[in-house]
Amino acid sequence: MKDAHGVVIVFNADMPSHLKELEMWYSCFVQQQLLQDTQCLLIAHHKPGSGSDRGSLSLSPPLNRLRLVHSNLEDDPEEIRLEFIKYLKSVVSSVSESRDREEMSIMT
């Protein structure tokens, strides 16, 4: 966890107990590590054939501020791949900006 620049939390959206555990994982991996919400990606995985409604998932604050992606690798594996690439690009950009600010503060 130390020196992490991003966190991806994957959970089974069809299991109510996972929604409760999600808050604990968020606290441990995001809040306690002082990461920004933009550095976290939630992936609500739906098992093939579960028939779950993607829009029915409601998260409590502060989880409802996080980027949430639904995944079902059987139905649309490309969607999750594209979302993950977008997330990685945002983390890399954040790290680069932070490094640039740090270098500028050293030079001044």
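Exposed, in these exercises, means over 50% relative accessible area, buried means under 20%, and partly exposed lies in between. The model you're working with is predicted.

**Exercise 1. Work out whether Glu-74 is buried or exposed, and say where Glu-74 sits.**

Step 1: find the element. Glu-74 is in the loop that runs between β3 and α2.
Step 2: take its relative accessibility, 60%, and hold it against the cut-off of over 50%; Glu-74 therefore counts as exposed.
Step 3: look across space. Gly-49 is 25 residues away from Glu-74 in sequence, and their C-alpha atoms are 9.1 Å apart.

**Exercise 2. Lay out the fold: how many helices and strands are there, and in what order do the elements run?**

Step 1: count. You get two helices and three strands.
Step 2: walk along from the N terminus, and the order reads β-α-β-β-α.
Step 3: add the overall dimensions. The C-alpha trace spans about 60 × 30 × 20 Å along its principal axes.
Step 4: check burial and contacts. Of the 108 residues, 27% count as buried. Among contacts with a separation of 6 or more, 74% come from residues 24 or more positions apart.

**Exercise 3. Find the partner of Asp-37 in a salt bridge and say which parts of the chain the pair links.**

Step 1: search the whole structure for salt bridges; five turn up.
Step 2: pick the one with Asp-37. Its partner is Arg-65, with 3.0 Å between the closest N and O atoms.
Step 3: place both ends. Asp-37 is in the loop between α1 (16-31) and β2 (40-45), while Arg-65 is in the loop between β2 and β3 (67-71). They are 28 residues apart, so this pair links distant parts of the chain.
Step 4: check the cover on Arg-65. Its relative accessibility is 53%, so Arg-65 counts as exposed.

**Exercise 4. Compare two salt bridges in helix α2: what are the N to O distances, and how are the partners spaced?**

Step 1: start with Arg-81 and Glu-78, whose side chains meet at 2.7 Å, N to O. Both belong to helix α2 (residues 77-107) and are three residues apart, about one turn of the helix.
Step 2: now Lys-86 and Glu-83, where the closest N and O atoms are 3.3 Å apart. These two are also three residues apart in helix α2, so about one helical turn separates them.
Step 3: read the accessibilities. Arg-81 is partly exposed at 44%, and Glu-78 is partly exposed at 37%. Lys-86, at 47%, is partly exposed as well. Glu-83 has a relative accessibility of 15%, so Glu-83 counts as buried.
Step 4: see who else joins in. Arg-67, Glu-83 and Lys-86 form one network through salt bridges that share partners.

**Exercise 5. Tally the charges and say which residues form a negative surface patch.**

Step 1: count the side chains. There are 11 positive and 16 negative ones, and the centres of the two sets lie 2 Å apart.
Step 2: list the patch. Its members are Glu-97, Asp-100, Glu-102 and Glu-103.
Step 3: zoom in on one member. Glu-103 lies in helix α2 and, at 43% relative accessibility, is partly exposed.
Step 4: why can Glu-103 qualify on accessibility? Patch residues need over 30% relative accessible area, and Glu-103 has 43%, so this cut-off is met.
Step 5: finish with the whole surface. The accessible area comes to about 7300 Å², and 56% of that belongs to carbon and sulfur atoms.

How values were computed: Residues are numbered from 1 along each chain as its sequence is written. This is a predicted model: local features need pLDDT of at least 70, side-chain atom pairs count only at pLDDT 80 or more; totals for chains, interfaces and linings use all residues. Side-chain values use heavy atoms; hydrogens and water are left out. A salt bridge is a side-chain nitrogen of Lys or Arg within 4 Å of a carboxyl oxygen of Asp or Glu. Helices (H or I, at least four residues) and strands (E, at least two) are DSSP runs, numbered from the N terminus. Buried means under 20% relative accessible area, exposed over 50%, partly exposed in between (1.4 Å probe, protein chains only). Contact means heavy atoms within 4.5 Å. Accessible areas come from the Shrake-Rupley method with a 1.4 Å probe; for residues, only the protein chains shown count as cover. Lys and Arg count as positive and Asp and Glu as negative; His and the chain ends are not counted. The place of a charge is taken as NZ of Lys, CZ of Arg, CG of Asp or CD of Glu. Patches are made of residues with over 30% relative accessible area and no salt bridge: like charges are joined within 9 Å, nonpolar side chains (Val, Leu, Ile, Met, Phe, Trp, Tyr) within 5 Å.
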